[in-house]
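Dear colleague,

I am passing on the structure we spoke about, with the sequence alongside, and below it you will find my notes. Please read them with the coordinates open.

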2 protein chains.
Amino acid sequence: MCPKVLVQPENISVEVPAGTSLLKAAVITGIDIKANCGGEGTCGRCMVKLESGSVASGESRTLKKNLRDEGYVLSCQAKVKDEEVSILVPESSRVKTHRVLSAQAKREEEMVANVLLQGYQRQPICRKVRVKLEPPSLVENTADLSRLRLGLKKVLNLPLEDESIRVSITALRTLAEILRESNWDVAVTIAILDSFTEIIRVEPGHIGVTLGVAIDVGTTSNVVYLIDLSTFRIINRQGDYNRQCRYGDDVISRIIYSSVEKTGLKTLQKAATDTINDLIDKAVTEVGYKREDVVQAVIAGNTTMTQLLWGVTPKYIRLEPYIPTFQVVPPVKARQIGLKLHHEAIAVSFPQVASYVGGDIVAGALFTRIAYEDDLTLFIDIGTNGEMVLGNKDFLVSCACSAGPAFEGGGITFGMRATTGAIESVTIDPKNFDVIVETVRGAKAVGICGSGLIDALSALLEAGAIDRAGVFQTGLATNRLREGDESREFVLVWQEESGRDSDIVITEADVKNLLRAKAAIFAGIRTMLQMVEMKIEDVSRIIIAGGFGNYLNIEKSIKIGLLPDIDQERYTFVGNSSVKGACLALLSADAYREAVDLGQKITYIELATGNSFMDEYISAMFLPHTDLDLFPSAGHQA
Amino acid sequence: MCPKVLVQPENISVEVPAGTSLLKAAVITGIDIKANCGGEGTCGRCMVKLESGSVASGESRTLKKNLRDEGYVLSCQAKVKDEEVSILVPESSRVKTHRVLSAQAKREEEMVANVLLQGYQRQPICRKVRVKLEPPSLVENTADLSRLRLGLKKVLNLPLEDESIRVSITALRTLAEILRESNWDVAVTIAILDSFTEIIRVEPGHIGVTLGVAIDVGTTSNVVYLIDLSTFRIINRQGDYNRQCRYGDDVISRIIYSSVEKTGLKTLQKAATDTINDLIDKAVTEVGYKREDVVQAVIAGNTTMTQLLWGVTPKYIRLEPYIPTFQVVPPVKARQIGLKLHHEAIAVSFPQVASYVGGDIVAGALFTRIAYEDDLTLFIDIGTNGEMVLGNKDFLVSCACSAGPAFEGGGITFGMRATTGAIESVTIDPKNFDVIVETVRGAKAVGICGSGLIDALSALLEAGAIDRAGVFQTGLATNRLREGDESREFVLVWQEESGRDSDIVITEADVKNLLRAKAAIFAGIRTMLQMVEMKIEDVSRIIIAGGFGNYLNIEKSIKIGLLPDIDQERYTFVGNSSVKGACLALLSADAYREAVDLGQKITYIELATGNSFMDEYISAMFLPHTDLDLFPSAGHQA
């Protein structure tokens with residue numbers, strides 16, 4: 001029995017081993033406490049009030065005497081003893097931004113948990129088991145490792161003749177001492193891989209946590225979710241731009257950089273691992289852990305990102321016949337691909353389907369369980385590329401079309417990501433061309449993000465400012481439509497109302513870029529449907545994943561012909577399904593295995609050849625489309 | 001079909017791929033050519049005469065013009081083209097010492113080959129297979145790795161659904177380029193391990209060799225045999241003192257050093273790997289290869305040496321209940337234990353039986369096939385420790401007794417290893433005490449080695465210079481027996497006849513040390529026999545392995561009571577059976593697997609407790625023994 005910690009005012013209790021810090025105990029209950037110094041006892045931000053019970057605590061000179069007298073302790077320094085304690089976490093010690101995140105985390109955690117419930121065992125590839133052994137004697141003189149293996153087999157219910165338990169050299173080198181120091185009662189972190197089980201780490205008793213990271217390596221952004229593999233909770237999340245961005249906006253420019261520059265491949269690999277390592281560092285430090293506590297990483301990324309991370313040239317992804325180096329890649333030690341976790345931590349990648357349909361899409365397919373439905377699902381991940389999977393329990397096909405970075409703000413005069421000050425919604429009064437914009441966090445507008453661009457395009461069309469070919473009209477009664485430096489442009493926000501030193505405009509060139517982007521995606525959808533001889537009416541649900549998250553306006557997306565004109569009820573948003581799928585695979589070895597199967601099951605359709613993609617693309621270069629019969633609900637605009 | 005190279009005057013021919021150097025071709029035929037510069041074309045020692053055919057050769061400025069005009073080329077620089085050539089290897093280009101070694105190599109190779117024939121497939125764990133693939137197309141767009149896996153499965157006759165082929169990250173990182181450069185025709189080096197097969201290296205075409213090293217890590221000496229894994233030949237051998245020696249003579253002092261000194265473990269590990277790496281370097285360079293050509297190492301050592309090499313503390317080997325950290329250890333990458341071979345090279349260790357019966361003994365048991373005989377065999381490895389295995393196809397027991405370093409020259413006033421100038425044979429005329437000695441290579445005597453010590457002891461006893469308790473007698477008519485500084489001593493070689501600046505003597509203290517050593521071994525044999533309730537008469541053959549090699553005089557060893565008094569015909573020598581067993585395991589994965597089984601089958605008898613070892617030891621402290629009935633043939637001395 002472990003001592004209990006009761007956290008107030010939430011009134012949540014948790015049992016933790018003696019020696020655990022109050023900080024960790026609180027974190028386990030889901031309450032985020034500030035720990036700017038990383039639990040070093042120097043910043044003084046993590047103080048909590050001890051309401052009952054006593055704790056083992058070092059000197060808290062960081063804490064003022066009056067606070068100490070009132071019962072406050074530094075939660076990172078105060079260790080639980082063998083008795084129950086009750087603590088109050090004051091508002092001042094709580095991480096504010098985290099509380100916002102916490103709600104999101106909770107929602108996402110529920111989503112992940114729900115999927116897990118649909119048939120996966122909560123049994124991560126890497127997990128910790130406690131093994132109690134009989135000490136050796138002159139008579140029972142089996143070697144330490146044999147003894148440990150035997151104990152593990154009993155705990156894991158493996159047959160005694162099983163020979164599949166291996167040991168990492170790091171664990172082997174400390175084994176003798178740890179077994180004896182711990183009095184033959186140890187916590188063993190194991191990785192259960194396909195062909196063998198590896199002992200990654202052996203610790204005395206059952207101290208310490210076992211953490212995993214789910215990583216989405218996007219071309220533009222990298223996202224890391226930190227998961228406690230014992231409690232199955234998402235305990236932190238971090239995201240940042242992929243530092244590879246400085247070497248090119250999209251996968252093609254990265255591929256060129258890595259192939260043409262002498263150390264290009266190494267530079268790009270390091271840029272990605274630096275980004276991810278910093279995210280992991282931030283994620284663990286914020287909740288009082290160390291990177292060495294992380295024993296597993298699950299990585300989902302597109303094929304180019306994954307190959308770059310693995311240090312494998314993506315050169316041939318770009319050259320006909322577009323062959324990736326690997327689809328399924330065996331687990332590696334995380335350090336082999338530059339990730340700084342526990343020295344023997346395992347890294348696994350989602351499988352790639354083809355050069356332009358990667359592990360991120362497989363992760364999305366896993367998370368959305370489209371391979372388990374009777375009904376037909378169309379899964380679309382809209383980012384720099386539009387990647388799609390269509391299918392049900394009987395078949396799965398996929399394709400990719402290059403939408404370009406327009407929806408992510410790239411190649412658009414005032415384009416930006418959906419961060420503070422980005423215009424995310426646009427309405428234009430058709431009578432007087434007055435514009436109302438909404439921005440992320442209500443800040444002064446500084447640019448326009450993907451959802452704002454779709455809104456703008458739809459509004460410009462509806463107001464008659466552009467025609468169906470995207471050409472700006474002349475002679476309109478507004479000074480917003482004017483000749484710009486390069487082409488005609490429409491002013492969305494005047495300089496004086498904006499957060500920058502210029503008017504925020506959308507140009508005719510921007511409109512053309514957006515047209516190309518939406519045409520590529522719609523043409524992809526059409527071509528794929530044709531190739532499996534199905535119609536959009538056959539599709540029961542359309543799942544939208546990717547950078548747009550939940551911000552895409554379906555109605556307006558249909559209006560501009562980006563998405564098919566079907567009942568909006570059939571659309572659902574799934575956000576970043578790549579990292580969610582990675583969480584799933586991290587929490588369940590079953591789910592990971594299924595992802596590997598999925599990678600094989602999904603058939604890739606190459607749009608570059610032998611189909612109608614180019615015709616479809618040209619037809620889709622109108623608003624909403626050349627064939628208005630495809631857009632009955634938007635028909636009135638014709 | 002590969003072009004043929006005919007080597008004269010031996011008239012041996014070999015087929016090698018175009019591009020192979022004449023040096024390598026000659027080496028493959030077993031003819032050792034000098035290549036002091038390591039095949040760099042700078043030392044000029046490797047010249048051969050081209051008798052017919054032509055070769056591709058760079059500029060040979062190292063070679064004088066008149067030699068070039070006569071048709072001489074540098075064999076390391078001259079590459080075989082697509083035609084047959086005949087070359088003459090002049091005496092001056094041949095490695096002299098190697099010709100001596102070659103005879104030994106040939107004999108050992110035959111021994112290894114003979115054992116291989118007795119039921120093992122010549123199929124090393126690591127081997128190279130050629131795989132020809134169809135190039136990909138837009139239609140056949142499988143990933144490179146999947147394509148290679150499929151090709152490998154066909155070559156290896158694995159079922160298509162087999163999922164056990166993994167790939168090293170090094171091979172993965174160069175895969176795309178090499179497949180395309182080689183026009184999809186590659187040589188794949190694979191390691192077939194228990195639970196999976198790993199692609200270690202992929203090379204274009206079928207160039208390059210695949211080498212392995214069999215390593216005997218002895219407490220005193222390290223030995224490396226270099227083996228060509230395609231031709232199954234031992235192509236070089238090297239041996240040297242283990243540089244750990246400076247930290248202690250025997251395993252116990254090494255264990256203490258590694259446990260007591262702060263960086264002791266690391267120091268000892270580095271000392272051993274430095275020794276081995278230098279030996280490997282020498283072995284490959286001499287025959288014109290590189291260390292990167294070596295893809296597998298098989299290591300046989302006693303338990304302490306193996307743990308030290310693996311970086312695992314041997315501390316508990318010495319502390320009751322004497323538990324080693326591991327018996328069977330999974331294969332590791334050679335670099336993980338500090339060996340500098342190919343980056344992805346595999347290192348495997350022989351299993352340990354117990355703390356004092358290690359992988360070297362298992363290797364010996366494997367090599368001598370004692371587990372396959374109906375008849376009872378006693379295998380004795382005499383070194384610093386005396387380790388023994390007794391058994392047949394039904395049972396195997398083992399034990400170890402600490403003989404101390406006396407037989408290896410340690411703790412003996414003028415003791416030395418069996419190198420140049422070591423007295424290896426001693427005769428004493430019982431009438432006038434004249435001494436005749438023979439030394440290694442007939443050089444002037446500088447010391448006395450193990451076999452010389454046994455001879456001396458036997459001769460001193462026979463001449464009546466010592467009594468059965470090893471005490472020097474007084475009043476003998478010779479000035480050779482005298483009072484020394486510490487104790488009485490007997491002069492074996494006078495200073496003026498010796499190769500040093502003093503008389504070479506054997507002291508009473510030396511005699512006592514030898515008595516202790518021989519008593520320990522004989523007591524071990526007796527105790528083990530008693531514990532399995534057998535008699536020495538039941539033993540059909542006694543195999544002597546270890547440092548003594550073939551130099552031990554059986555008759556005299558029986559006379560002093562070191563070895564049991566049975567028919568000398570029943571004794572055989574096997575030399576360094578540890579490295580020979582390692583060769584076997586290197587050449588055949590079957591043999592390695594059998595060694596792993598053997599490690600489990602051999603039961604260890606702990607002499608430290610619950611038996612009659614101490615009584616036996618005291619009884620054996622006489623020459624030959626207290627119980628003369630045990631030595632009928634030596635009975636007349638009583």
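How many salt bridges are there over all chains? The count comes to 44, and I should say at once that the model is a predicted one, so that every value here is computed from it.

Among these pairs, K270(A) and D274(A) are joined through their side chains, with 2.7 Å from N to O. Both residues belong to helix α7 of chain A (residues 264–286), where they sit 4 residues apart, about one turn of the helix. An α-helix has 3.6 residues a turn, so residues three or four places apart point the same way. D274(A) counts as partly exposed, because its relative accessibility is 24%.

A second salt bridge in chain A is formed by R482(A) and D503(A), whose closest N and O atoms are 2.9 Å apart. This pair links distant parts of the chain, since R482(A) lies in strand β24 (residues 481–483) while D503(A) lies in the loop between β25 (488–493) and β26 (504–507), 21 residues apart. The two partners fall into separate classes of exposure: R482(A) is partly exposed at a relative accessible area of 27%, whereas D503(A), at 17%, is buried.

In chain B, the side chains of R180(B) and D144(B) also meet in a salt bridge, again with an N to O distance of 2.9 Å. Here too distant parts of the chain are linked, with R180(B) in helix α5 (residues 169–181) and D144(B) in helix α4 (residues 144–155), 36 residues apart. R180(B) is partly exposed, with a relative accessible area of 21%, and D144(B) is buried, at 0% relative accessibility. Salt bridges that share partners also form a network, which joins E198(A), K333(A), R335(A) and E344(A).

Turning to the interior, the largest nonpolar core has 233 residues, and those with the most contacts inside it are I199(A), W310(A), I199(B) and W310(B). Apart from neighbours within four places in sequence, W310(A) is in contact with residues of its own chain, including Q269(A), F326(A), I337(A) and V348(A), and with I169(B), L172(B) and R173(B) of chain B. A second, separate core of 73 residues includes L390(A), A445(A), A465(A) and V511(A).

I543(A), in strand β27 of chain A (residues 539–545), is buried, because its relative accessible area is 2%, under the 20% cut-off. Leaving aside neighbours within four places in sequence, its contacts include T368(A), I370(A), F379(A), I380(A), T572(A) and V574(A). The C-alpha atoms of I543(A) and M388(A) are separated by 9.7 Å, although these residues are 155 residues apart along the chain.

On the surface, by contrast, I252(A), I256(A) and V260(A) form a nonpolar patch with about 230 Å² of accessible area together. V260(A), which lies in helix α6 of chain A (residues 251–260), is exposed, because its relative accessible area of 60% is over the 50% cut-off.

Finally, a check on the geometry of helix α7 of chain B (residues 264–286): at 1.5 Å a residue, its 23 residues should span 33 Å, and its end C-alpha atoms are 33 Å apart, which agrees. Just after this helix, G288(B) takes a positive phi of about 85 degrees.

With best regards

Conventions. Residues numbered from 1 in each chain as written. Chains lettered and ligands numbered in written order. Predicted model: local features only at pLDDT ≥ 70, side-chain atom pairs only at ≥ 80, totals over all residues. Heavy atoms only, no water. Patch = residues over 30% accessible without salt bridge, like charges linked within 9 Å, V, L, I, M, F, W, Y side chains within 5 Å. Areas by Shrake-Rupley, 256 points an atom, 1.4 Å probe, with all protein chains shown as cover. Salt bridge = Lys/Arg side-chain N within 4 Å of Asp/Glu carboxyl O. Helix = DSSP H or I, 4+ residues; strand = E, 2+ residues; numbered from the N terminus. Buried < 20%, exposed > 50% of the residue type's maximum accessible area, 1.4 Å probe, protein only. Expected span 1.5 Å × (residues − 1). Core = buried A, V, L, I, M, F, W, Y, C linked by side-chain atoms within 4.5 Å. Contact = heavy atoms within 4.5 Å.
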